[in-house]
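Please work through the following exercises with the sequence and the model open side by side. Each task is followed by a solution in steps.

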Amino acid sequence: MSPSIEPGATQFTRTPKGASSTASDRVSVALDLTEGVEVSGQVRALLLDATGRVVLEQPVQQNVNKLSATVDVSALSGGKYYLHLRDAKTWLAGSKLVVE
């Protein structure tokens, strides 16, 4: 899986051990799905706070083998969050995110 990074984007990896990133307005993420990876149902971006509570959830666009989303974090309080991509069955990728 090879993540696509845009300026100010959070890097996704296959495990939730992604590199920390900061944002104050929007976070753009893109994830290339490797051959053989099947997505089950609608993929969603979830933002969890430090306690694990979901504070934001939105659908992710899927075009062939690429997932992408822009997440608006401007209304959130500053702090540490976890941004994940999830389909109907499993967590696909995730990373830490610091909102300023």
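**Exercise 1: The hairpin and its strands**

In this predicted model, Gly 52 takes a positive phi near 95° in the hairpin of strand 4 and strand 5, which has five residues between the strands.

Task: Determine in which sense strand 4 and strand 5 pair, and over how many bridges.

Solution.
Step 1. Locate the two strands: strand 4 covers residues 44-48, and strand 5 covers residues 54-59.
Step 2. Examine the pairing. The sense is antiparallel, and five bridges join strand 4 to strand 5.
Step 3. Confirm with one position: Ala 45 stands opposite Gln 58 in strand 5.

**Exercise 2: From the hairpin to the sheet**

Task: State in what order the strands of the open sheet are arranged, and identify which strands stand at the edges.

Solution.
Step 1. Turn to the other partner of strand 4. Strand 8 (residues 79-86) pairs with strand 4 in the antiparallel sense, over five bridges; Arg 44 has Arg 86 in strand 8 as its bridge partner.
Step 2. Extend the picture to the whole sheet. Five strands take part, in the order 2-9-8-4-5, and the pairing is mixed.
Step 3. Read off the edges. Strand 2 (22-23) and strand 5 (54-59) each have a single partner strand, so one side of each lacks a neighbour in the sheet.
Step 4. Consider the surroundings of strand 4. Four of its five residues are buried, so strand 4 is largely enclosed by the rest of the structure.

**Exercise 3: Two residues compared**

Task: Classify Leu 31 as buried or exposed, and give the relative accessibility of Thr 34.

Solution.
Step 1. Place the residues. Leu 31 lies in strand 3 (residues 26-32), whereas Thr 34 belongs to the loop between strand 3 and strand 4.
Step 2. Apply the cut-off of under 20% relative accessible area for buried residues. Leu 31 has a value of 0% and is therefore buried.
Step 3. Thr 34, at 32% relative accessibility, counts as partly exposed.
Step 4. Relate sequence to space. Leu 31 and Gln 62 are 31 residues apart in sequence, with 9.5 Å between their C-alpha atoms. For Thr 34 and Lys 66, 32 residues apart along the chain, the C-alpha separation is 9.0 Å.

**Exercise 4: The chain as a whole**

Task: Establish how many helices and strands the chain has, and what share of its residues is buried.

Solution.
Step 1. Count the elements: there are zero helices and nine strands.
Step 2. Of the 100 residues in the chain, 37% are buried.
Step 3. Consider contacts between residues at least 6 apart in sequence: 61% of these join residues at least 24 apart.
Step 4. The accessible surface comes to about 5,600 Å², and 46% of that belongs to carbon and sulfur atoms.

Conventions: Residues numbered from 1 in each chain as written. Predicted model: local features only at pLDDT ≥ 70, side-chain atom pairs only at ≥ 80, totals over all residues. Heavy atoms only, no water. Buried < 20%, exposed > 50% of the residue type's maximum accessible area, 1.4 Å probe, protein only. Contact = heavy atoms within 4.5 Å. Areas by Shrake-Rupley, 256 points an atom, 1.4 Å probe, with all protein chains shown as cover. Pairing = 2+ DSSP bridges.
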